[in-house]
Amino acid sequence: MNCARIVSLVFTVLCASALLTASPVQAATEMDRAFERLEKDFKKLRDALEAPQAADRDQYAKLADDMLAEARKARELDPEMTPNVPQAQRAQFLEHFRRDMDTFIENIGKLSEALKNSKWDEARQLMEALRLDKKEGHKAYREKKK
Ligand code: HEM
């Protein structure tokens, strides 16, 4: 191996290790991805409900049903911060997470029903309930971002 190749190899190894150790970017978890998909539908629905059209109600209900599917997936996963919760409180932490996700899931189910029946005011109220579920859920169960 000549000198230039050795220098180039050392440089590559140093760069790779710097990237691995110093990267501030946290990898998205499976739960992050489920919530990101849910959020896209949530935003579409929130915008649509500003001027809802009865003819589009099946599309709206489909968005809510897709949100329901993502919420059900997220419910079965453990939040990223779980290992940082002291062992003695971990079971209760997970129990509370699933309890709050059940309430959230129930609210999405009600939203879907309201949309299928063109009950727009009720749907808007349920969207607000979901927003509050999110606020509380993130405060209690989401890893604080560095
Ligand atoms: C409309 C409702 C919600 C939306 C739009 C939403 C959105 C998001 C998004 C976009 C992320 C990933 C990126 C980030 O961390 O910001 C996320 C992560 C997370 N959300 Fe939500 N969320 C909602 C409701 C909830 C609820 C009800 C809970 C708990 C009861 C919850 C718990 C979490 C947790 C724990 C994470 C981090 C994932 C992990 O620990 O692996 N979210 N959410």
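This section describes the fold, helix packing, nonpolar core and ligand surroundings of a predicted model.

The protein contains five helices and zero strands, and its elements follow the pattern α-α-α-α-α along the sequence. Of its 146 residues, 17% count as buried. Among contacts with a separation of 6 or more, 71% join residues 24 or more positions apart. Two pairs illustrate such separations in sequence. Asp65 and Gly109 are 44 residues apart along the chain, with their C-alpha atoms separated by 7.6 Å. Glu136 and Asp100 are 36 residues apart in sequence, and the distance between their C-alpha atoms is 9.1 Å.

Helix H2 spans residues 30-48. For its 19 residues, a rise of 1.5 Å a residue predicts a span of 27 Å, and the end C-alpha atoms lie 28 Å apart, which agrees. The buried residues of H2 are Phe35, Leu38, Asp41, Phe42 and Leu45. Viewed down the helix axis, these buried residues fall within an arc of 125 degrees, so they line one face of H2. An α-helix has 3.6 residues a turn, so residues three or four places apart point the same way. The face of H2 turned away from the buried side carries the exposed residues Glu36, Lys43 and Asp47. The packing partners of the buried residues of H2 are H3 and H5.

Helix H3 covers residues 57-75. Its 19 residues reach 27 Å from the first C-alpha to the last, close to the 27 Å expected at 1.5 Å a residue. Buried positions in H3 are Tyr60, Leu63, Ala64, Met67, Leu68, Glu70, Ala71 and Ala74, and they pack against H2 and H4. Asp65 also belongs to H3. With 16 other C-beta atoms within 10 Å, Asp65 is partly exposed, because a residue is buried only when 20 or more such atoms lie within that distance.

Helix H5, residues 120-141, has 22 residues and extends 31 Å from its first C-alpha to its last, close to the expected 32 Å. Ala123, Leu126, Leu130 and Tyr141 are its buried residues. They cover an arc of only 60 degrees around the axis, which puts them on the same side of H5. Exposed residues on the other side of H5 are Asp121, Glu128, Arg131, Leu132, Lys135, Glu136 and Lys139. Glu136 has 12 other C-beta atoms within 10 Å and is therefore exposed, the limit for that class being 12 or fewer. The cover over the buried residues of H5 includes H2 and H4.

The loop between H4 and H5 contains Ser118. The phi angle of Ser118 is near 55 degrees, a positive value in a residue other than glycine. Ser118 counts as partly exposed, with 15 C-beta neighbours inside 10 Å.

In soluble globular proteins, nonpolar side chains tend to be buried together. In this model, the largest nonpolar core has 19 residues, and those with the most contacts inside it are Ala64, Met67, Ala71, Ile108, Leu111 and Leu115. Two or more residues of this core come from each of H2, H3, H4 and H5, and the largest share, seven residues, is contributed by H3. Beyond its neighbours within four places in sequence, Ala64 is in contact with Leu45, Ile108, Leu111, Ser112 and Leu115. Of these partners, Leu45 is one of the buried residues of H2.

A shell of 21 residues surrounds the ligand, and the closest are Thr29, Phe35, Glu80, Lys134 and Gly137. The elements giving two or more residues to this shell are H2, H4 (87-116) and H5. H2 gives the most, with seven residues. By residue class, the shell divides into nine nonpolar, three polar and nine charged residues. Phe35, one of the closest residues to the ligand, is also among the buried residues of H2.

Terms used:
Residues are numbered from 1 along each chain as its sequence is written. This is a predicted model: local features need pLDDT of at least 70, side-chain atom pairs count only at pLDDT 80 or more; totals for chains, interfaces and linings use all residues. A residue is near a molecule or strand if its C-beta atom, placed from the backbone, lies within 6 Å of it. Helices (H or I, at least four residues) and strands (E, at least two) are DSSP runs, numbered from the N terminus. Ala, Val, Leu, Ile, Met, Phe, Trp, Tyr, Cys and Pro count as nonpolar, Asp, Glu, Lys and Arg as charged, and the others, Gly among them, as polar. A nonpolar core is a set of buried Ala, Val, Leu, Ile, Met, Phe, Trp, Tyr and Cys residues joined through C-beta atoms within 7 Å. Two residues are in contact if their C-beta atoms, placed from the backbone, lie within 7 Å. The expected span of a helix is 1.5 Å times one less than its number of residues. The arc is that of the directions from the helix axis to the C-beta atoms.
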